[in-house]
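Biologist: I am new to this structure and should be grateful for a close look at one part of it. Please choose a single place, describe its surroundings step by step, and then follow the chain outward from there.

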Amino acid sequence: MALRSRARSTRLLVVTLVSISLVTITVDYRQGEDGPLAVLGDAALAVMSPLQDAVSTVTHPIGNFFSTLFRLPAIRRENEELHGQVATLEQQVATTAADLDRLTELESLLGLQESLGRHAVTTAAQVIANGVSNFEWTITIDKGSSDGIKEDMPVVANAGLVGHIIRVGPSSSVVQLIIDPDAFVAGRLDASRATGLISGEGGSDLRMGLVESTVEVAPDEKVVTAGYRIPGVAQSLYPPNILIGTVSRVLPEESALETFVTVRPAVDFSTLDLVLVVLSSDGGA
């Protein structure tokens, strides 16, 4: 009898709980987000969210560390490949720039050759040695007697006058620069047309003498070669109108019979690369 009563009570409890659940679900469904279950869910979410954030804060760096550690060989390999690509691109850019510079220099030499006159015969040469020092002011070029080079032939560059050939070998030649103390050039002031004799001063500016004291020399006035030609007698070593440099200072002499002028060379002799050797020209015509 007691067992039957207990079973009946259990069934009644189950029916009651199911009924309550059905009523709660129905009410929650009808009330939507304002229902009792939604309120309980929001409360649970509010409690769990900080815990989830804390767990994520702790576990994410650890996960990222092990992920990075696992990918480290691949990252190192990618880094090396990128460095190689950058080096290749830099080399290509440098090569392209050097080629463009050489092309520009060759074009300038072509223009220089045309300015020497239609009868001028020239050959381009590479500077292979630079003897600019306190004792020697020369350069060596890669052209010699086999290329038609002879002593006393003028040598010019894009910027202006370089010097003349003093020694010739089969495949190379030595050029005495105009800054050598033993070098002399007949020069002319471009504005006043006054002439004088220019001599080398080594590492200092050129010196132009025999300029009449009455000549007004302008600052930074251009100085060019003063070519001359006396048929059957002589002609100047250098063709006319080749730029030598610009006036840097005017030094009046105490005698007042002549003026000395210093001339800054147009050519940077320490960086010469390509030059033009004048094999023949109109001389001082």
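Modeller: Let us begin with Asp 180, which touches Trp 137 and Gly 200 when residues up to four places away in sequence are not counted. Please keep in mind that the model is predicted. Asp 180 belongs to the loop between β5 and β6, the latter covering residues 184-189.

Is this acidic side chain paired with an opposite charge or left without a salt bridge? Asp 180 is buried and has no salt bridge. Its nearest side chain of opposite charge is that of Arg 167, at 8.9 Å, whereas a salt bridge requires the charged atoms to be within 4 Å. The side chain of Asp 180 does have a polar atom 2.8 Å from the backbone nitrogen of Asp 182.

The next residue to consider is Arg 167 itself, which lies in strand β4. Arg 167 has a relative accessibility of 44%, so it counts as partly exposed. Apart from neighbours within four places in sequence, Arg 167 is in contact with two glutamates, Glu 136 and Glu 151, and also with Ser 173 and Val 174. The C-alpha atoms of Arg 167 and Lys 150 are 8.0 Å apart, with these positions 17 residues apart in sequence numbering.

Strand β4, residues 161-168, runs antiparallel to strand β5, residues 173-177, and five bridges join the two. Within this pairing, Ile 165 stands opposite Val 175 of β5. Both strands belong to a closed barrel of six strands, in the order β1-β2-β5-β4-β3-β14, with antiparallel pairing. On average, neighbouring strands of this sheet are turned by 45° against each other, direction ignored.

Two further strands of the barrel, β1 (121-130) and β2 (138-141), are linked by the loop that holds Gly 131. Gly 131 counts as buried because its relative accessibility is 17%, and the cut-off for buried is under 20%. Among residues beyond four places in sequence, Gly 131 touches Glu 136, Trp 137, Thr 138 and Ile 139. Trp 137 therefore appears twice in this account under one criterion, heavy atoms within 4.5 Å: it is touched by Gly 131 and by Asp 180. Gly 131 also has Ser 270 at a C-alpha separation of 9.2 Å, although 139 residues separate them along the chain.

Farther along the sequence, strand β13, residues 258-265, deserves attention. Six of its eight residues are buried, so β13 is largely enclosed by the rest of the structure. Strand β12, residues 243-252, pairs with β13 in the antiparallel sense over seven bridges, and Leu 251 has Phe 260 as its bridge partner there. Strand β8 is also antiparallel to β13, joined to it by five bridges, with Met 208 bridged to Val 261.

Strand β8 covers residues 206-212 and includes Leu 210. Leu 210 is not a glycine, yet its phi is positive, at about 60°. The relative accessible area of Leu 210 is 58%, which means that it is exposed. A positive phi, near 60°, is also found at Asp 220, again a residue other than glycine. Asp 220 sits in the loop between β8 and β9, residues 222-225, and counts as exposed because its relative accessibility is 54%.

To return to the starting point, Asp 180 is a buried residue without a salt bridge, and its side chain has a polar atom 2.8 Å from the backbone nitrogen of Asp 182.

Technical notes:
Residues numbered from 1 in each chain as written. Predicted model: local features only at pLDDT ≥ 70, side-chain atom pairs only at ≥ 80, totals over all residues. Heavy atoms only, no water. Pairing = 2+ DSSP bridges. Helix = DSSP H or I, 4+ residues; strand = E, 2+ residues; numbered from the N terminus. Axes fitted to C-alpha atoms, helices over the stretch in contact; angles between N-to-C directions. Buried < 20%, exposed > 50% of the residue type's maximum accessible area, 1.4 Å probe, protein only. Lys, Arg positive; Asp, Glu negative; His and termini not counted. Polar contact = N/O pair within 3.5 Å; in protein donor to acceptor, adjacent residues only side chain to side chain.
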